[in-house]
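The following exercises concern side-chain interactions and burial in a single protein chain. Please examine the sequence and the coordinates before turning to the solutions.

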Amino acid sequence: MPSLDELLVVLRDRLRRLYERDPRAAVGLVAVVAAVGLALAWYFRPWLHSAVYGIYTTPILPLAAVLGLGLGLLARRRLGTFVGGRVGLAVFFALLVTGSSVAGLLAGEDLGKATMEQAGTAEELRETDPAKPRVVTKAVASRYASNTLNFPQYRIAGGDITVRNGTPYWSYALAPDGAFNYYTKRQHGTVLVDMTRQNADVDTVVGDLEKGVGPVFYNNYRFATLKRANYLVEYDDPFMVVHEGDQYIAVPYTKPEFHWLPLPYTTPEWGGVVLIDGQGTIEDLSPAEARAHPVLQEQKLYPFELTRERVAATKYRKGIVNTFTAHEDEIEVAPVPGEGNDQPFLVFTEAGPEYVVAVEPYGEAQGLKEVWTVDARTGEYEIYTPTESLFGARKATDYVRQAARTTDWNRFRPSEPIPVVIDGELYWEVRVVPSDSSGIAYTAFVNARTTDVHEVGTTAEVRAFLEGTPVEGSPDEGETAGRTPTIVVERVAPNGTVIETLEIYGNETVRVVSGTTNATASD
């Protein structure tokens with residue numbers, strides 16, 4: 001089979017012979033082929049988005065091209081066509097690589113300093129809303145959603161936080177499963193996993209979406225969005241919204257802001273939110289319009305990736321050179337165990353939903369240097385700097401491991417340390433989950449100041465701890481105060497979902513009663 005280069009040579013030769021016989025026919029053929037190519041490129045422009053957007057947001061590219069072409073033409077006059085072309089290409093790539101690297105550093109410094117200047121100073125962190133605790137981790141929610149799925153032609157796709165009737169859920173799309181269904185079916189609905197309840201509480205909203213998550217391009221939300229809404233923007237991950245029984249897809253996005261000196265570069269800024277309803281109607285909303293839209297009244301709107309990028313860029317607050325030399329006042333976003341879910345974490349405070357990002361000093365230090373909070377609806381940044389020594393998210397998981405000496409850490413792992421504030425005290429809420437993410441074994445609250453670890457095993461105890469009023473019979477009281485269970489019994493459904501957990505302590509026994517007609521049981 002001939003190679004692509006050989007085919008191109010054959011086509012070139014045939015076109016040249018055609019031009020020699022009939023120049024007008026050759027020109028017409030080239031025009032027709034070009035027109036067809038442009039029409040196909042225009043229709044399938046969503047597939048070209050990554051390349052086009054990458055070129056659009058790299059303004060150093062045309063500068064490198066002009067300089068490379070100029071030096072190449074100059075070298076061609078002196079050294080010949082072959083050498084001149086090589087010189088031009090070498091100059092172009094050298095300028096592109098070097099210029100892009102320098103422009104990237106300038107963009108990071110610009111974004112970081114702008115974030116510092118625009119951020120307000122918080123005297124204290126806002127209290128966590130005890131009515132909306134973040135109990136279920138993303139990995140566990142995905143397992144719950146898969147285990148309860150009873151649609152053989154569909155699978156779950158995505159995984160993001162949405163709010164329905166005041167309750168936060170992990171939301172997933174019911175996407176076609178398998179090659180045949182991928183081409184012939186649409187998104188079939190939305191799966192919602194209540195993130196405020198430790199055990200599986202899953203609701204499925206059924207109904208095909210004209211443009212959804214997961215199917216082939218002609219039924220896909222992204223292909224439609226890139227054709228009908230803004231093209232030269234960067235779209236965040238979509239999340240599902242269920243409002244008054246109707247399903248929607250919401251997609252926050254950023255747009256580039258151009259800077260020209262000393263080198264051209266771009267920095268991202270919040271552009272708005274695209275909202276797609278079940279009939280495929282697309283609304284491109286500005287941030288203000290998104291906040292006012294009735295469907296999005298309870299939802300987070302600010303892009304997740306922009307939050308992380310802006311906070312991480314504040315490491316340049318003392319300049320670019322400082323990050324290569326002294327590292328004075330340099331920060332880094334704390335890496336945390338999250339099983340595919342990393343900071344920032346969305347938490348629900350008494351003032352509304354906000355992203356929280358815990359940052360540590362650069363290097364090996366694991367203390368808490370700053371806590372950044374970002375209003376998830378307005379994008380307003382605040383920075384909280386502790387006045388006393390507090391340990392960070394990574395260290396919190398170490399204290400959980402130390403406190404739970406009876407937990408088999410070969411089968412369990414701490415996950416997603418979420419910062420929560422209770423009566424002005426900062427705690428790290430760490431969920432301990434089995435290695436297969438089949439449920440939540442227990443939740444540990446670690447005091448960021450005293451390192452005290454408080455373990456709770458039920459949703460009611462989580463809510464009670466957040467309210468500052470432990471429930472009767474919880475491990476706060478009586479003989480179990482300050483102790484860890486010796487056995488954790490899990491009641492597991494046939495599909496693997498953990499329905500209920502029971503903690504057994506050292507001075508207690510377990511009695512298994514057969515489910516016969518004369519058996520008795522008490523609540």
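The exercises below treat a predicted model, and each is followed by a worked solution.

**Exercise 1.** Determine which residues of helix α8 are buried, and identify the elements against which they pack.

*Solution.* Begin with the extent of the helix: α8 comprises residues 221-228. Within this range, Tyr221, Phe223, Ala224, Thr225 and Leu226 are buried. Next, list the contacts of these buried residues. They pack against two helices, α2 (23-43) and α3 (49-56), and against the strands β6 (234-235), β8 (246-259), β9 (265-277) and β10 (282-285). Finally, inspect the N-terminal end of α8, which is capped by Asn220. A side-chain oxygen of Asn220 lies 2.8 Å from the backbone nitrogen of Arg222.

**Exercise 2.** Classify the ring geometry of the pair Phe44 and Phe217, and place the two residues in the chain.

*Solution.* The structure holds 21 aromatic pairs. For Phe44 and Phe217, the ring centres are 5.8 Å apart and the planes stand at 65 degrees, so the pair is edge-to-face. The cut-off used in this step is an angle over 60 degrees. As to location, Phe44 lies in the loop between α2 and α3, whereas Phe217 lies in the loop between β5 (202-206) and α8. The pair thus links distant parts of the chain, 173 residues apart.

Consider accessibility next. Phe44 has a relative accessible area of 22% and is partly exposed; Phe217, at 22%, likewise counts as partly exposed. Phe217 also forms an edge-to-face pair with Tyr218, with 5.2 Å from centre to centre and 75 degrees between the planes. Tyr218 is partly exposed at 37% relative accessibility. To complete the picture, Tyr43, Phe44, Trp47, Phe217, Tyr218 and Phe223 form one aromatic cluster. One member of this cluster, Phe223, is among the buried residues of α8.

**Exercise 3.** Which rings have the charged ends of Lys300 and Arg310 over them?

*Solution.* Take Lys300 to begin with: its charged end sits over the ring of Phe239, 4.0 Å from the ring centre. For Arg310, the ring is that of Tyr381, with the charged end 5.1 Å from its centre.

**Exercise 4.** Compare the burial of the residues in the salt bridges Glu382–Arg126 and Glu416–Arg134.

*Solution.* Side chains of opposite charge can pair when their charged atoms come close. The count comes to 18 salt bridges. In one of them, Glu382 and Arg126 meet at 3.3 Å, N to O. Glu382 belongs to strand β15 (residues 381-384) and Arg126 to the loop between β1 (120-121) and α6 (138-147), 256 residues apart. Glu382 is partly exposed at 24%, and Arg126 is partly exposed at 31%.

Turn now to Glu416 and Arg134, whose closest N and O atoms are 3.5 Å apart. Glu416 is in strand β16 (residues 412-422) and Arg134 in the loop between β1 and α6, 282 residues apart. Both Glu416 and Arg134 are buried.

**Exercise 5.** Where do Arg317 and Asp329 lie, and which network includes them?

*Solution.* Arg317 forms a salt bridge with Asp329, the closest N and O atoms being 4.0 Å apart. Each residue lies in the loop between α10 (304-313) and β11 (331-333), so the bridge ties together parts 12 residues apart in sequence. Arg317 is buried, at 15% relative accessible area, while Asp329 is partly exposed, at 32%. Salt bridges with shared partners join Arg317, Asp329, Lys369 and Glu370 into one network.

Terms used
Residues are numbered from 1 along each chain as its sequence is written. This is a predicted model: local features need pLDDT of at least 70, side-chain atom pairs count only at pLDDT 80 or more; totals for chains, interfaces and linings use all residues. Side-chain values use heavy atoms; hydrogens and water are left out. Buried means under 20% relative accessible area, exposed over 50%, partly exposed in between (1.4 Å probe, protein chains only). Helices (H or I, at least four residues) and strands (E, at least two) are DSSP runs, numbered from the N terminus. Contact means heavy atoms within 4.5 Å. A polar contact is a pair of N or O atoms within 3.5 Å; within protein, one must be able to donate a hydrogen and the other to accept it, and residues adjacent in sequence count only if both atoms are side-chain atoms. Rings of Phe, Tyr and Trp (its six-membered ring) pair if their centres lie within 6.5 Å; planes under 30 degrees apart count as stacked, over 60 as edge-to-face and the rest as tilted. A charge sits over a ring if NZ of Lys or CZ of Arg is within 6 Å of the ring centre and within 35 degrees of the ring normal. A salt bridge is a side-chain nitrogen of Lys or Arg within 4 Å of a carboxyl oxygen of Asp or Glu.
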